[in-house]
Amino acid sequence: MAGRLCCHAAVVALLLQAGAGSPLAKRHVAAPARGSAKSSTSTVRGTQPKNPDWFGSFAEDESTYDQDADGTVGRNANPSVNYMDGWSPNMINKVRGVEPAWFHESPSGGPQIAFQTHFPALQTGLAGHQAKLGTWFQRAGGSWAQEYRSGVVAPTDKGGWMDTLKSPGQLDPGWFDSAVVQRDGFGRRKLPSALSEARYSTWQERAVNTSLSCKDPGCVATTTLQAFEGNGERARNCKLNVAFHATDFDEEHSGEGVEWITVNDVTVMRNCRPKASGCNATAGRPLYNCLLELPLDKLMPVSGTLRISAKIPAVVDECPYQGNLLAAVPVVTCLVAPKNPSPLMGREVAELLPGTTGGTYVALMEAPLQCKTRGCVAMARIIPNYGSARVSNCRLSVIVNNTDFDGDHTTEKIEYISVNGKNLSTFSQPGKNPCKARDAGTPLPDDQLKHVAVTDMDVSEELVKGILVVGKISDFVDECSSNGHLFDGKVRVQCDAVPKILLQVASEISTGGDALAPEPARRSERYGHLRSRRVA
């Protein structure tokens with residue numbers, strides 16, 4: 001902030017020295033009203049430049065860049081902001097009813113972050129603190145959005161921002177950084193734009209990379225990359241980066257570079273010239289970007305699979321990297337979330353079962369961890385629901401049915417299993433393939449058909465907000481599916497539990513009730529439903 005104040009002070013001093021008649025000061029003078037006499041400035045320069053808001057993107061001078069401003073700032077200057085969700089013709093209806101805003105329930109940030117809410121949009125806050133909020137408006141397609149408040153002091157018919165500096169009183173905090181005026185009196189930020197990644201606080205950011213290589217001069221390299229599992233996941237804001245190791249890319253005039261890069265047969269780059277050589281064996285081999293943050297919204301299929309190709313010319317003929325004249329690393333980053341499941345999925349009430357010793361009980365919750373294609377990513381979510389039982393000491397296990405995990409000349413393994421982003425199991429190779437064992441006449445015994453990837457992880461704290469388990473298999477796991485899935489597993493969470501009836505008995509005992517000697521029939525009625533299964 002000190003640097004920003006110094007910068008602003010220097011600009012102010014410069015303008016004061018230049019005077020109101022200098023070209024520097026004239027840049028901030030308001031354009032004459034329509035129909036008025038043309039100023040000398042407009043005569044020399046022609047039409048005044050557009051207000052930065054006209055372009056619909058962040059234009060807050062030295063404020064911290066905020067992606068949320070793209071698409072919600074400058075609604076009055078840039079009409080396209082109102083049509084980002086399409087256009088719905090106005091229907092004339094003479095019947096007066098409740099205003100549309102009354103029906104709008106603004107999105108929530110979930111347990112991660114609190115957004116400002118609509119109708120009513122609170123202007124007050126804690127301890128009487130008030131804040132002027134971004135205006136809520138309805139786009140032409142019917143969706144609601146909240147305008148990004150600009151902290152820039154716009155020129156007015158009374159003068160430019162110099163007049164604001166000279167006026168008595170304190171400067172608005174937004175003059176220093178527009179991010180400040182996006183908060184309300186409770187500290188909640190404005191609802192992010194649908195284009196902003198901040199809108200999807202409950203989604204998980206994922207980066208997936210692979211190798212792209214070929215050996216010969218003039219060759220074409222092709223690879224596939226599974227950005228997300230389309231069967232059970234959805235993604236947005238996907239971006240592609242492709243970086244190349246330097247080989248024979250040093251000549252500027254002979255065309256030594258990368259001729260083109262395609263994504264799903266669409267050309268996305270031509271004639272990339274890294275202008276670097278890999279011939280110096282003592283020098284490092286850094287990566288040179290030929291594609292940086294390429295949006296994939298129009299190229300990404302619902303399956304999440306990308307086919308990436310690149311070509312080098314025949315003149316790239318020396319200094320290979322690990323034996324390849326074309327050696328690149330494509331990386332895709334996406335925001336990923338499970339597809340919208342049934343409202344009850346992951347929310348089933350835990351099953352109460354007798355424990356291993358008399359008088360003890362456990363609460364059991366399970367969810368499938370499955371995906372069908374090679375190299376796929378499986379996800380399972382467990383949201384705690386114990387009914388009226390009291391639980392403690394919760395433990396998580398992941399059991400996987402063996403499929404193509406024998407590692408026969410290739411890497412066939414579980415690449416990772418993570419819980420709420422924490423990696424628990426890396427490069428787990430069960431080493432079994434039930435199909436090959438069966439075909440060889442030596443079928444696997446029952447105790448070898450499953451592989452325990454995670455055992456009794458303590459998740460007592462994590463379970464309060466819910467658990468997201470993610471697992472991935474390698475690309476070479478491609479046969480011997482189980483129940484139609486190459487990754488066929490189950491997530492099990494088991495907690496020590498005290499059923500409601502025991503809590504009631506304990507309460508009655510502590511208060512001197514008559515629950516000490518329940519009738520035999522009554523006891524059977526109370527406890528009979530807990531005797532269906534016993535957990536080993």
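# Reading the labels on this structure

User: Why is His245 called buried?

Analyst: His245 has a relative accessible area of 10%. Buried means under 20%, exposed over 50%, and partly exposed in between (1.4 Å probe, protein chains only). So His245 counts as buried at its 10%. The model is predicted: local features need pLDDT of at least 70, side-chain atom pairs need pLDDT 80 or more, and totals for chains, interfaces and linings use all residues. Residues are numbered from 1 along each chain as its sequence is written, and side-chain values use heavy atoms, leaving out hydrogens and water.

User: Where does His245 lie?

Analyst: His245 lies in strand β6 (residues 233-245). Strands (E, at least two residues) and helices (H or I, at least four) are DSSP runs, numbered from the N terminus. The C-alpha atoms of His245 and Ala276 are 9.0 Å apart, with their positions 31 residues apart in sequence.

User: What makes Arg395 buried or exposed?

Analyst: Arg395 has a relative accessible area of 17%, so the label is buried. Arg395 sits in strand β17 (residues 390-401). Its C-alpha is 9.1 Å from that of Asp496, 101 residues away along the chain.

User: Why is strand β21 described as largely enclosed?

Analyst: In β21 (residues 467-473), 7 of the 7 residues are buried, so the rest of the structure largely encloses this strand. In a regular strand, side chains alternate between the two faces of the sheet. Here both faces are covered. Ile467, Val469, Gly471 and Ile473 are buried on one side, and Leu468, Val470 and Lys472 on the other.

User: How do you know that β16 and β18 pair with β21?

Analyst: Two strands pair if DSSP finds at least two bridges between them. Strand β16 (residues 377-382) is joined to β21 by 6 bridges. Strand β18 (residues 414-419) has 5 bridges to β21. Both counts meet the rule, so both are pairs. β16 runs antiparallel to β21, and so does β18. Val377 has Lys472 as its bridge partner in β21, while Ser418 has Val470.

User: What makes Asp184 and Arg188 a salt bridge?

Analyst: A salt bridge is a side-chain nitrogen of Lys or Arg within 4 Å of a carboxyl oxygen of Asp or Glu. For Asp184 and Arg188, the N to O distance is 2.8 Å. That is within 4 Å, so the name fits. Asp184 is buried at 6% relative accessibility, and Arg188 is buried at 16%. By this rule the count comes to 12 salt bridges.

User: Which residues form salt bridges with Lys436?

Analyst: Lys436 meets Asp406 at 3.1 Å, N to O. This pair links distant parts of the chain: Lys436 is in helix α5 (residues 434-439), Asp406 in the loop between β17 and β18, 30 residues apart. Lys436 also forms a salt bridge with Glu479, at 3.7 Å between the closest N and O atoms. Here too the link spans distant parts of the chain, as Glu479 lies in the loop between β21 and β22 (487-498), 43 residues from Lys436.

User: Why are Lys436, Asp406 and Glu479 called partly exposed?

Analyst: Their relative accessible areas put them in the middle class: 32% for Lys436, 23% for Asp406 and 33% for Glu479. Separately, Glu366, Lys490 and Arg492 are joined into one network by salt bridges that share partners.
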